Amino acid sequence: MIDVEDLIALVRNYNPQTNADLIRRAYAYGLKMHEGQLRHSGEPYFTHPVAVAAILTEQRLDDATIVTALLHDTIEDTGSTYIEVTELFGEEIAELVDGVTKLTNLQLSNAASKQAENFRKLFMAMSKDLRVILVKLADRLHNMRTIRSMRVEKQAQKARETMEIFAPLAGRMGMQWMREELEDLAFKVINPEARTSIIRRFVSLQKETGDVIPKITADIRGLLEDEGIDAVVFGRAKRPYSIWRKMEEKQLAFSRLSDIYGFRVITNSEMDCYRVLGLIHHRWRAVPTRFKDYISQPKTNGYRSIHTTVSGRDGKRVEVQIRTRQMHEVAEAGVAAHWSYRDGERAKNPFAVDPAKWLASLNERFSEGEGDHDEFLENVKLEMYSDQVFCFTPKGDVVKLPKGATPIDFAYAIHTRIGNSCVGAKIDGIRVPLWTRLKNGQSVEVIIAAGQRPQMTWLDIVVTGRAKGAIRKSLREEDRDRFIKLGSELARVAFEHVGRKVTDKALRTAAKTLGLPDEDELLARIGSAELAASEVLAALYPELAARQNESEIEPTRAVLGLGADQSFSRANCCQPLPGERIVGITYRGQGVVIHAIDCPALAEFEDQPERWVDLQWKSGRHPPAYTATLKITISNDAGVLGHICTLIGQQKANISDLKFIDRKPDFYSLLVEVELCDAEHMHRLLNALEAESDVAQVSRIRELSRKP
C-alpha cells in the first residue's frame, strides 16, 4: 500500500501548492475508519481507496478529488457520517463523498427497467459535480484490476456492467485510455479464451516478422527529422479487445486484419500537424476512406486529432494519429483535463471542454419521457456508443450526428418542429429517400409540409435518441384519443365482470389512488396496455379482489416436484400453462425454469440429464396469472380492435400487453399478451376468437428465440 508521504509526493509532482496536511488528515481518517476491514484478496480494505487516489494523481486532479478518493467508501462502509465528514473536511468534500456513495448504491446491474431508471439518476448526479464520476471511474478501474479475488459469478456481473456502462462512459467523457483498459479487463473475464488466442497470435506474428513497432517508429522519426519538424513519435500494438471488436465487426480472421498497430505523432503546433500529414501521405500510400480530421471538426468531448491509415513497411497497414501536445493532454485525460493542475494552478488547456454542458443537454433532451426509463437507457447508450458524422445545412452550419443517421435525424437535430413536419430531403441537391444514411461532409436540405405527422416506421429508420423520443411523443399524442376510447371499453367490461358499474367518479377515485392526474390518463393507460383493468379494480375494491383469490392456488407454489430451497420461473419460449405437461431445467443463478414437454428448446439439454427435473402442476383452481402470447390478424375497420379486446375480456382473460407488428390497408397483425388460468382457459379463448368474423387468423406464439 502506498504510504501517505508517497501519495503526497505524487500530488506535488504537478501541484507544488497542494494542501499536504489535508491529505494527511484524510489518509489517517480513512485508515482509522476502515480498520479491521479486508478486501476479497485478504488485503486491508484501505489499500483500495489509496490505489484509487493514486490513479487520480495520474490525471493531475485537485486536492478535493484526491481526498474524496481516500474517503469515498467511509460513509457507505464504516460508521462515518455526512455530518462528520463535513465537520472534518468541509462541505465540498462531503458533497463529493456523498455523491460517490449514491452512485455506488445505484446497483447498476439490476434488471433492465431498474437499470434504466438508475442510469438516469447516474447522469443527474454527474451533472452536479463531474469529479464524482471521475472518482467512480477510478474506483471501477482498480476493482477491475483486482477482480480475480472475487467470486466467479460476481466477476462476470462486474465485467458485463463495466463493458456496458463504465467503459463507454469513460470513452464518452474523452478518457480513451481508461475505456480501452476497462474494456480489456472486462474482456479478460467475459471471454478469456478469445483474448488468449489473440495474444498467442501476436506472439506468433512477432516471431515471424520481428517487432515492427521500433522499425516503423524510426521510419516516421527519420522522415520528420529530415524536414526539420520537432515531434515525439511512439507506437504500440492495439489492445486484444480492440482487435477482437474489429474482427467481429468486419468478420475477419486475425490473419486478414491489417491495422493492428497504432502510432502517434505529437507536434508543437497545429500547422506542424498538417505538415506531418503531408509528409506521411507523400512517403506512404494512404488507405482510402480511412482519414478523419478531428482538428477542424472536433468531437463534442474536446477530442482533436488527425487520423490516417497508410500502407507502411512491408505493406502492413498502420494507423497514425497526429496532434499537438495540448490536444494530446485532452485526448489522454478527457474530462480530467478540465480539472487538472500544473505547477500549483489549474491548467488552462484551450481544447479542454466542460462535459457538464453535454450532461446537462442529455438530461434536458430526455426529460420529456420522465417515466419511460427503458427509452432513456436506450437513448443514452445510443449517445455513448456511436461515432459521429458531420453534415451541413444549406447555410453552411455544421450538424453533428451519430454514424448511421438519416435525414430524419438531421431534421430533428435542427428542431423538433422541423422533424415532425419532414416529408423529404435533398443531399447535395439530389432528392433522396428518408432512410438514406448520411456521410461526412454532405449538405442536407430538409423538405417540410404543413399537416405532416411522424410515422410509426420512422422509429426503425432513425438512430438518435432525440429523434426517437420526439417521434414516440408525437405518436403517443396522436393515439391518445383512440387509447382512451379503448380503455373505456376495457374498463366497462372489467367492472361488469365483478358486478360493478363504471362511473366517472369511480375512475377519478382510481386515478387518484394510483397516482395518476385524471381519469383520461387512467383510461389511456388501460387502452395502451400500460395498466391492467384488474389493477384498477384492485385499487377500488381490494376486498373483492381478495375474495376472488380465495381457494386459488398461489402462483409461487403452483408446481410439484421442486426442492424446498428451489424457486421456479416459466420459460419465455413456450410459456407453459397449468394443465400442460411440463419439465424443469436447472440454471445456475435462476433456479428451475419450467418448459412445456414438447418445447423445441429442450433439445439442447438432451445430453445434460442431470439438469432435468420431473415436475407437474398442482391440481385445482389457478388464478389468471399466467401470461401467454397470441398473434391475431384482424380486419382494418373502425371499432374492430375495441370489439376484439372486449371479446377477450368476456372470456375473463386480461390483456397485459398489446403490440402491432404489421399494418396494411386491409388488416392489422398484432401480438396480444393475455393473462390466463390454465390450458383450458387458453382453449376457450382461442375458440372464441376463431369464431369471430373480424378475426382472419389467431395462433398461440411459441418462439425458440425467446429462451430464458
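**Figure 1. The loop that holds Arg 60 joins helix H3 (47-57) to helix H4 (63-71).** In this predicted model, Arg 60 has a positive phi of about 60 degrees, although the residue is not a glycine. Most residues other than glycine have a negative phi. With a relative accessible area of 23%, Arg 60 is partly exposed, because the buried class is reserved for values under 20%.

**Figure 2. Gln 575 is placed in the loop between strand E14 (568-570) and strand E15 (582-587).** The phi of Gln 575 is near 45 degrees, a positive value in a residue other than glycine. The relative accessibility of Gln 575 is 6%, so this residue counts as buried.

**Figure 3. Helix H22 (residues 465-497) packs on helix H25 (residues 533-540).** Two packed helices are described by the angle between their axes and the distance between the axes. For H22 and H25, the angle is about 55 degrees and the axes are 9 Å apart. H22 is therefore oblique to H25. The crossing in which H22 passes H25 is right-handed. On the H22 side, the contact is formed by Leu 490, Ala 494 and Phe 495. These residues meet Ala 533, Val 536, Leu 537 and Leu 540 of H25. An α-helix has 3.6 residues a turn, so residues three or four places apart point the same way.

**Figure 4. Helix H23 (residues 504-513) crosses H25 at roughly 90 degrees.** The axes of H23 and H25 come within 9 Å. The angle makes H23 roughly perpendicular to H25. Ala 506, Thr 509, Ala 510 and Thr 513 supply the H23 side of this contact, while Val 536, Ala 539 and Leu 540 supply the H25 side. Val 536 and Leu 540 are also among the H25 residues that meet H22.

**Figure 5. Helix H24 (residues 519-527) is mostly covered.** Of the nine residues in H24, seven are buried. The buried residues are Glu 519, Glu 521, Leu 522, Leu 523, Ala 524, Ile 526 and Gly 527. Their cover includes H22, H23 and H25, the helices that also appear in the two preceding views.

**Figure 6. Tyr 294 and Tyr 303 form an aromatic pair, in a structure that holds seven aromatic pairs.** The ring centres of Tyr 294 and Tyr 303 are 5.9 Å apart, and the planes are 70 degrees apart. The pair is edge-to-face, because planes over 60 degrees apart fall in that class. Tyr 294 has a relative accessibility of 8% and counts as buried. Tyr 303, at 13% relative accessibility, counts as buried as well.

**Figure 7. The side chain of Arg 611 lies over the face of Tyr 587.** The distance from Arg 611 to the ring centre of Tyr 587 is 5.0 Å. Tyr 587 is also the residue at which strand E15 (582-587) ends.

**Figure 8. The protein chain as a whole provides the setting for the close-up views.** The secondary structure of the chain comes to 28 helices and 22 strands. Of the 708 residues in the chain, 50% are buried. Among contacts with a separation of 6 or more, 67% join residues that are 24 or more positions apart.

Note on methods. Residues are numbered from 1 along each chain as its sequence is written. This is a predicted model: local features need pLDDT of at least 70, side-chain atom pairs count only at pLDDT 80 or more; totals for chains, interfaces and linings use all residues. Side-chain values use heavy atoms; hydrogens and water are left out. Rings of Phe, Tyr and Trp (its six-membered ring) pair if their centres lie within 6.5 Å; planes under 30 degrees apart count as stacked, over 60 as edge-to-face and the rest as tilted. Buried means under 20% relative accessible area, exposed over 50%, partly exposed in between (1.4 Å probe, protein chains only). A charge sits over a ring if NZ of Lys or CZ of Arg is within 6 Å of the ring centre and within 35 degrees of the ring normal. Axes are lines fitted to C-alpha atoms, for helices over the stretch in contact, and angles run from 0 to 180 degrees between N-to-C directions. Helices (H or I, at least four residues) and strands (E, at least two) are DSSP runs, numbered from the N terminus. Angles under 35 degrees count as roughly parallel, over 145 as roughly antiparallel, 65 to 115 as roughly perpendicular and the rest as oblique. A crossing is left-handed if the near helix is turned anticlockwise from the far one by less than a right angle, and right-handed if clockwise. Contact means heavy atoms within 4.5 Å.
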